[in-house]
Amino acid sequence: MKKKIIFIVTSVLSIACLCGLVYFIKVDSFAFAWVLNFLLMACAAFLSDAMQSRYASPYFLEKKWEQKGKLYEYFGINIYRKLLVWTGWEKLTRKTLPIGNNTEALTKLYQQTKISELNHTVIFMIVLGFNVYVALIFGFSRSLSLLILNILLNLYPIFLQRYNRPRIKRALTLSQVRHQLIN
């Protein structure tokens with residue numbers, strides 16, 4: 001019951017904030033695109049923390065077409081990773097979610113990739129809806145800030161989670177085997 005109430009209250013507050021954002025900032029501006037993405041990220045983070053799902057869907061498993069990350073490398077995921085280090089985002093993330101050498105830390109990191117991917121996927125779809133609306137009403141050129149920020153702040157993070165998760169899973173499996181051998 002508590003989860004449902006938190007979900008409903010957070011959803012209503014998120015929608016109210018979105019309505020306020022649309023009312024106060026022009027939807028075809030860079031400021032709107034920037035604030036929209038970070039507002040949705042805050043709402044998604046709060047909801048995912050409150051809901052505490054297991055994220056057990058087969059969607060999160062690596063697919064054959066992903067070619068062990070080669071597809072993401074082709075789309076420049078390694079450049080994006082360097083960009084995250086250069087901007088300081090990686091250091092900030094590691095403070096809140098350190099990568100440890102133990103099974104517990106790897107399990108937490110593995111779970112966090114699922115949470116992050118789902119959050120970014122939902123945000124990507126919402127921003128894409130705004131992007132299509134702005135493109136239809138104001139023209140494609142006025143929707144570019146939404147499109148570019150959506151790619152940088154949502155699509156590439158989805159790619160990054162899908163790229164990292166199989167590697168973390170392999171490290172987790174090795175850690176679990178090593179732990180079983182020691183005990």
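## Helix H2 and its partners

Contact here means heavy atoms within 4.5 Å of each other. By that test, the buried residues of helix H2 pack against three helices: H1, H6 and H7. The model is predicted.

H2 spans residues 30–51. Its 22 residues reach 31 Å from the first C-alpha to the last, close to the 32 Å expected at 1.5 Å a residue. The buried residues of H2 are Phe-32, Ala-33, Leu-36, Asn-37, Leu-40, Met-41, Cys-43, Ala-44, Leu-47, Ser-48 and Ala-50. Gln-52 follows the helix, and the phi of Gln-52 is positive, near 50°.

## Overall build

The protein has seven helices and zero strands. Read from the N terminus, the order of elements is α-α-α-α-α-α-α. Along the principal axes, the C-alpha atoms fill a box of roughly 60 × 45 × 30 Å.

The chain holds 183 residues, and 36% of them are buried. The accessible surface is about 12,000 Å², with 69% of it belonging to carbon and sulfur atoms. Take the contacts between residues at least 6 apart in sequence: 77% of these join residues at least 24 apart.

## Helix H1

H1 covers residues 2–24. It has 23 residues and reaches 33 Å between its first and last C-alpha atoms, close to the 33 Å expected at 1.5 Å a residue.

Which residues of H1 are buried? They are Thr-10, Ser-11, Ser-14, Leu-18 and Leu-21. These buried residues pack against H2. From the other side, H1 is among the helices that the buried residues of H2 pack against.

## H4 against H7

Helix H4 runs from residue 77 to 87, and helix H7 from 144 to 182. The two pack at an angle of about 110°, with their axes 10 Å apart. Angles of 65 to 115 degrees count as roughly perpendicular, so H4 is roughly perpendicular to H7.

H4 brings Ile-77, Asn-78, Tyr-80, Arg-81 and Leu-84 to the contact. H7 brings Leu-152, Tyr-156, Pro-157, Phe-159, Leu-160 and Tyr-163. By type, the residues of this contact divide into nine nonpolar, one polar and one charged.

## Two buried residues in H6

Helix H6 (residues 103–138) includes Asn-131. His-120 is also found in H6.

Is His-120 buried or exposed? Buried means under 20% relative accessible area. His-120 has a relative accessible area of 16%, so it is buried. Leaving aside neighbours within four places in sequence, His-120 is in contact with Met-41, Leu-153, Asn-154, Pro-157 and Ile-158. Met-41 is one of the buried residues of H2. Pro-157 is also one of the H7 residues in the contact with H4. His-120 and Leu-153 lie 33 residues apart in sequence, and their C-alpha atoms are 8.0 Å apart in space.

Asn-131 has a relative accessible area of 7%, so Asn-131 is buried too. What does Asn-131 touch, leaving aside its neighbours within four places in sequence? Its contacts are Ser-143, Leu-146 and Leu-147.

Terms used. Residues numbered from 1 in each chain as written. Predicted model: local features only at pLDDT ≥ 70, side-chain atom pairs only at ≥ 80, totals over all residues. Heavy atoms only, no water. Helix = DSSP H or I, 4+ residues; strand = E, 2+ residues; numbered from the N terminus. Expected span 1.5 Å × (residues − 1). Buried < 20%, exposed > 50% of the residue type's maximum accessible area, 1.4 Å probe, protein only. Axes fitted to C-alpha atoms, helices over the stretch in contact; angles between N-to-C directions. Parallel < 35°, antiparallel > 145°, perpendicular 65-115°, else oblique. Nonpolar A, V, L, I, M, F, W, Y, C, P; charged D, E, K, R; others polar. Areas by Shrake-Rupley, 256 points an atom, 1.4 Å probe, with all protein chains shown as cover.
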